[in-house]
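Reader: I'm new to this structure and would like a close look at a single part of it. Could you pick a helix and walk me through its surroundings?

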Amino acid sequence: MAMFKAGAEAAVRRCADVINAADTDDGDMRAALEAHGETVSSFTPDEARRLRDAAARLRAVARAGSLDEACARLNDVLADCRPPRLTAHEGTPWHLHVDSGDAADWAEWFTASSALALAILAAETQQPPLGVCQAPGCDRVFPTHSPGRPRRYCSATCSSRARVASHRSRV
């Protein structure tokens, strides 16, 4: 079970990174995928557009205000995915897929694998799996799972900025 959860956590980190890269250019999206071990041999402008659309659907999950809302939005995404199937390929251990396999494009694969990982962590932690940074001027998506309290900021930098701004507004 630990390997299953660790795989979901890694996929949720990849999901957040691709969502954030989708706000930039095609090269950044490609780099985000490659940074998570994906081999991106071709990445056409049409594939990039579809991947941006997929990232926008998953950003809506991150924007949810509660676990119930996040799960409802996630169920909408999962409803468009294929039924789960077990697969082992390229030397990997058996694992779940909810895409069409080799015929899946980047958007279908990203949507399906991210939705599955988000669902696993939502069920495991009973908290929304993604959040949007609450620092003024930042809308980066981040995984919320952490020991202790759920995170509110994408980074220590944003947390410090928000804390300083709050302090200055009281002085």
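Author: Here is a walk around helix 3, taking its charged residues and then its neighbours. Keep in mind that this is a predicted model.

Helix 3 covers residues 45-62. Let's start close to its beginning, with aspartate 46. Its side chain forms a salt bridge with that of arginine 49, at 2.7 Å from N to O. Aspartate 46 and arginine 49 sit three residues apart in helix 3, so about one helical turn separates them. Aspartate 46 also meets arginine 50 in a salt bridge, this one at 2.2 Å from N to O. Here the spacing along helix 3 is four residues, again about one turn of the helix.

How exposed are these residues? Aspartate 46 has a relative accessibility of 37%, so it counts as partly exposed. Arginine 49 is partly exposed too, at 43%, and so is arginine 50, with a relative accessible area of 25%. The pairing doesn't stop there: a network of salt bridges links Asp46, Arg49, Arg50, Asp53 and Asp105. As a general point, side chains of opposite charge can pair when their charged atoms come close.

Now look at glutamate 47, also in helix 3. What is the situation of this charged residue? Glutamate 47 is buried, yet it has no salt bridge. The nearest side chain of opposite charge belongs to arginine 50, and it is 4.9 Å away. A salt bridge needs a nitrogen-to-oxygen distance within 4 Å, so the 4.9 Å to arginine 50 doesn't qualify. Glutamate 47 does have a polar partner, though: a polar atom of its side chain lies 2.7 Å from the backbone nitrogen of threonine 44. Setting aside residues up to four places away in sequence, glutamate 47 touches Ser42 and Trp106.

Further along helix 3 comes arginine 59. Its side chain meets that of aspartate 23 in a salt bridge, at 2.8 Å from N to O. This pair links distant parts of the chain, as arginine 59 is in helix 3 while aspartate 23 is in the loop between helix 1 (2-21) and helix 2, 36 residues apart. Arginine 59 counts as buried, with a relative accessibility of 7%. In total, the structure holds 11 salt bridges.

Next, the helices that pack against this one. Helix 2 (residues 26-35) and helix 3 have axes 10 Å apart, at an angle of about 75°. That is why helix 2 is described as roughly perpendicular to helix 3. At this meeting place, Asp26, Met29 and Leu33 of helix 2 come up against Pro45, Ala48, Leu51 and Arg52 of helix 3.

Helix 4 (residues 67-79) gives another picture. The axes of helix 3 and helix 4 come within 8 Å and cross at roughly 160°. The two helices are therefore roughly antiparallel to each other. On the helix 3 side, the residues involved are Arg57, Leu58, Ala60 and Val61. They meet Ala70, Arg73, Leu74, Asp76 and Val77 of helix 4.

To find your way back through all this, begin at aspartate 46, which pairs with arginine 49 and with arginine 50. Then go to glutamate 47, buried and without a salt bridge, and on to arginine 59, with its link to aspartate 23. After that, compare how helix 2 lies roughly perpendicular to helix 3, whereas helix 4 is roughly antiparallel to helix 3.

Terms used. Residues numbered from 1 in each chain as written. Predicted model: local features only at pLDDT ≥ 70, side-chain atom pairs only at ≥ 80, totals over all residues. Heavy atoms only, no water. Buried < 20%, exposed > 50% of the residue type's maximum accessible area, 1.4 Å probe, protein only. Lys, Arg positive; Asp, Glu negative; His and termini not counted. Polar contact = N/O pair within 3.5 Å; in protein donor to acceptor, adjacent residues only side chain to side chain. Contact = heavy atoms within 4.5 Å. Axes fitted to C-alpha atoms, helices over the stretch in contact; angles between N-to-C directions. Parallel < 35°, antiparallel > 145°, perpendicular 65-115°, else oblique.
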